[in-house]
Amino acid sequence: GVPLAATITVSGTPVTVRSDANNGTFSVALPQGAWDLRIQATGHRIQQITRPVTIGVGSEINPALTPAPTILLVDTGRWYYRSQVQPILDSLEKLNYPVDLHTVRNPFGILDMPIDLPTTDQMKAYDLVIWSAPYDSPAYIGADQAVQGFLDQGGRIILTGEDIAYW
């Protein structure tokens, strides 16, 4: 019921606009035809709208976005080429849940590249963390303190993987 700052993309085009956070308005000029709009705002489910456009005729839409948790998906399978996040991403997409992906490529600081594990502060910015660890665990890669800190601050996490309990 209140205006949101949202990102609106037009499928099949490079068009992306932001709505005004004060009044929720946005404007985009499109050629005649039917266009699929994707409307996304932080803390809300994504909304898809198909809108016909007629030359010389303005059109107004007033989508009501449903609140949703902010979700961080951590992929620790990437560093050993066994990522298993695609089914999770596909499921969240089908449910119109936005998700931010944090891909771990260097958990141990190999070759003088920075360690790229998520921190407690990064995770606490989200309502939910989904941690995908196909053949490792947060403790195995040195992220157990960050996860513990997140949980100690009331964070919610789903751990998924074959060897989490083992490690």
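User: In this predicted model, is D121 buried, partly exposed or exposed?
Analyst: The cut-off for the exposed class is a relative accessible area over 50%. D121 has a relative accessible area of 52%. By that criterion, D121 is exposed.

User: Which residue meets the side chain of D121 in a salt bridge?
Analyst: Side chains of opposite charge can pair when their charged atoms come close. For the side chain of D121 the salt bridge has an N to O distance of 3.3 Å, and a separation within 4 Å qualifies. The two residues are three apart in helix α2, and about one helical turn therefore separates them. The partner, which at 44% relative accessibility counts as partly exposed, is K124.

User: How many salt bridges does a search of the whole structure find?
Analyst: One of them joins K124 and D121. Another is formed by E93 with R38. The search of the whole structure gives a total of two.

User: How far apart are the closest N and O atoms of E93 and R38?
Analyst: E93 is partly exposed, with a relative accessible area of 39%, and R38 is partly exposed as well, at 22%. These residues form a salt bridge. The distance between their closest N and O atoms is 3.0 Å.

User: Which elements hold E93 and R38, and how many residues apart in sequence are the parts that the pair ties together?
Analyst: E93 belongs to helix α1, which covers residues 86-94, while R38 belongs to strand β3. The salt bridge between E93 and R38 therefore ties together parts of the chain whose separation in sequence is 55 residues.

User: What is the order of the strands in the open sheet of four strands?
Analyst: Strands of a sheet pair through backbone hydrogen bonds, either parallel or antiparallel. In this open sheet the pairing is antiparallel. The order is β2-β1-β3-β4.

User: Which strands stand at the edges of that sheet?
Analyst: A strand at the edge has a single partner strand, so one side of the strand is left without a neighbour in the sheet. From one strand to the next, the twist averages 25°. The edge strands are β2 (16-18) and β4 (47-53).

User: Which residue in β3 stands opposite V10?
Analyst: Strand β1, residues 7-10, runs antiparallel to strand β3, residues 33-40. Four bridges join these two strands. Opposite V10 in β3 stands L37.

User: How many of the five residues of β7 are buried?
Analyst: L128, I130 and S132 point one way from β7, whereas V129 and W131 point the other way. The residues on both sides are buried, and β7 is therefore largely enclosed by the rest of the structure. The number buried is five of the five.

User: In which sense does strand β5 pair with β7, and which residue stands opposite I71?
Analyst: Strand β5 comprises residues 71-75 and shares five bridges with β7. The sense of this pairing is parallel. The residue of β7 that stands opposite I71 is L128.

User: Which residue of β8 is the bridge partner of I130, and what is the handedness of the crossover from β7 to β8?
Analyst: β7 and β8 pair in the parallel sense over four bridges. In β8, I158 is the bridge partner of I130. The chain passes from β7 through α3 to β8, and this β-α-β crossover is right-handed.

User: Within what arc do the buried residues of helix α3 fall?
Analyst: In α3, residues 144-152, the buried residues are A146, V147, G149 and F150. Seen down the helix axis they line one face, while Q145 and D152 are exposed on the other side. The arc that contains the buried residues is 160°.

User: Which elements do the buried residues of α3 pack against?
Analyst: Packing here rests on contact, with heavy atoms within 4.5 Å. The buried residues in question are A146, V147, G149 and F150. The elements that they pack against are α2, β7 (128-132) and β8 (157-160).

User: Where are L111 and D112 found?
Analyst: L111 has a positive phi of about 60° although it is not a glycine, and phi of D112 is near 60°. L111 is exposed at a relative accessible area of 73%, and D112 is exposed at 80%. Both are found in the loop between β6 (100-103) and α2 (120-124).

Definitions and conventions:
Residues numbered from 1 in each chain as written. Predicted model: local features only at pLDDT ≥ 70, side-chain atom pairs only at ≥ 80, totals over all residues. Heavy atoms only, no water. Pairing = 2+ DSSP bridges. Axes fitted to C-alpha atoms, helices over the stretch in contact; angles between N-to-C directions. Buried < 20%, exposed > 50% of the residue type's maximum accessible area, 1.4 Å probe, protein only. Arc of directions from axis to C-beta. Right-handed = clockwise from strand over helix to strand, strands pointing away.
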